[in-house]
Amino acid sequence: AREIREGDTVFIDSGSTAVNVLRHLPPRIKITVVTHSLPAMVEAAKYDNVNLISLGGVFNSSTSSFVGIGAQQALSDLRITKAFLSATGVTVESGMSNTTFLEAEIKRGVVAHSSNVILIADSSKLGHDATVTFCRLQDISTMIIDQKPAPKYIEFCRAHNVRIIWE
């Protein structure tokens, strides 16, 4: 949440890590939140100062998100300042991946329409590949992770000008 600035248009991905970004927003900050995640919509709706844009689509109960052509079409005209994306797997070789094709399509569209792509993940995701790759690691601007990653991730991020933050 410290990465968010007044006036930003922020994409919040599906998943528990991404929705936590909203729970830590600075008080009274005025932003626009774009999401396909039902839990993120519910959380963003609690704030009077947040303009909420839902991508719509068909509800996927396994991810609590809306996917499909409707979500893709809604995304096509948007310009996102910062996209907070999660991933099922993250490797230096394959990048960021997910198990669901329709989720990966949304994530690809978000990457294409975002000025800054921020990976938010816990360290258990590192070193694992999932079925569908949606973003190369060198195409993100920042990686935020819960603990210091293996040296190969730090070296890769430095070599590709990707900020890496762990806490």
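## Exercises on a predicted model

K152 is partly exposed, with a relative accessible area of 42%. Here buried means under 20% relative accessible area, exposed means over 50%, and partly exposed lies in between (1.4 Å probe, protein chains only). The model is predicted, so local features need pLDDT of at least 70 and side-chain atom pairs count only at pLDDT 80 or more, while totals for chains, interfaces and linings use all residues. Residues are numbered from 1 along each chain as its sequence is written, and side-chain values use heavy atoms, with hydrogens and water left out.

**Exercise 1. Find the salt-bridge partner of K152, and place both residues in the chain.**

Step 1. Look at the side chain of E93. It meets the side chain of K152 in a salt bridge, 3.7 Å from N to O. The criterion is a side-chain nitrogen of Lys or Arg within 4 Å of a carboxyl oxygen of Asp or Glu.

Step 2. Place the two residues. E93 is in the loop between β7 (89-91) and β8 (95-98), and K152 is in helix α5 (residues 151-159). Helices (H or I, at least four residues) and strands (E, at least two) are DSSP runs, numbered from the N terminus. The pair links distant parts of the chain, 59 residues apart.

Step 3. Check exposure. E93 is exposed, with a relative accessible area of 61%.

**Exercise 2. Describe the salt bridge between K107 and D13: what does the pair tie together, and are the residues buried or exposed?**

Step 1. Take the distance. The closest N and O atoms of K107 and D13 are 2.3 Å apart.

Step 2. Locate the partners. K107 sits in helix α4 (residues 101-112) and D13 in the loop between β1 (9-12) and α1 (16-23), so the salt bridge ties together parts that are 94 residues apart in sequence.

Step 3. Read the accessible areas. K107 is buried at 1%. D13 is buried too, at 0%.

Step 4. Put the pair in context. A search of the whole structure finds eight salt bridges.

**Exercise 3. Work out how E105 and R108 are arranged in helix α4.**

Step 1. Count along the helix. E105 and R108 both lie in α4, three residues apart, about one turn of the helix.

Step 2. Find the link. Their side chains meet in a salt bridge, at 2.3 Å from N to O.

Step 3. Check the surface. E105 is partly exposed at 26%, and R108 is partly exposed at 31%.

Step 4. Look for shared partners elsewhere. Salt bridges join R23, E43 and K46 into one network.

**Exercise 4. Decide how enclosed strand β6 is, and name the strands that pair with β6.**

Step 1. Count buried residues. Five of the six residues of β6 (residues 80-85) are buried, so the strand is largely enclosed by the rest of the structure.

Step 2. Trace the pairing with β1. β1 and β6 pair in the parallel sense over three bridges. Pairing requires at least two DSSP bridges between the strands. V10 stands opposite K82 in β6.

Step 3. Trace the pairing with β9. β6 and β9 (residues 114-121) run parallel and are joined by five bridges. I80 has S114 as its bridge partner in β9.

**Exercise 5. Map the surroundings of S65.**

Step 1. Place S65. The residue is in strand β5 (residues 65-67) and is buried, with a relative accessible area of 0%.

Step 2. List its contacts (heavy atoms within 4.5 Å). Beyond residues up to four places away in sequence, S65 touches S14, H36, S37, L38, V58, F59, N60 and E103.

Step 3. Pick out the polar contact. The side chains of S65 and E103 make one at 2.4 Å. A polar contact is a pair of N or O atoms within 3.5 Å; within protein, one must be able to donate a hydrogen and the other to accept it, and residues adjacent in sequence count only if both atoms are side-chain atoms.

Step 4. Examine S64 next. S64 has a positive phi of about 50 degrees although it is not a glycine. It lies in the loop between β4 (58-60) and β5 and is partly exposed at 25%.

**Exercise 6. Compare the settings of I145 and N161.**

Step 1. Take I145. This residue of strand β11 (residues 142-145) is buried, at 4%. Its contacts beyond four places in sequence include L126, I165 and W166. The C-alpha atoms of I145 and E167 are separated by 6.8 Å, with their positions 22 residues apart along the chain.

Step 2. Take N161. The residue lies in the loop between α5 and β12 (163-166) and is exposed, at 71%. Its phi is positive, near 60 degrees, in a residue other than glycine.
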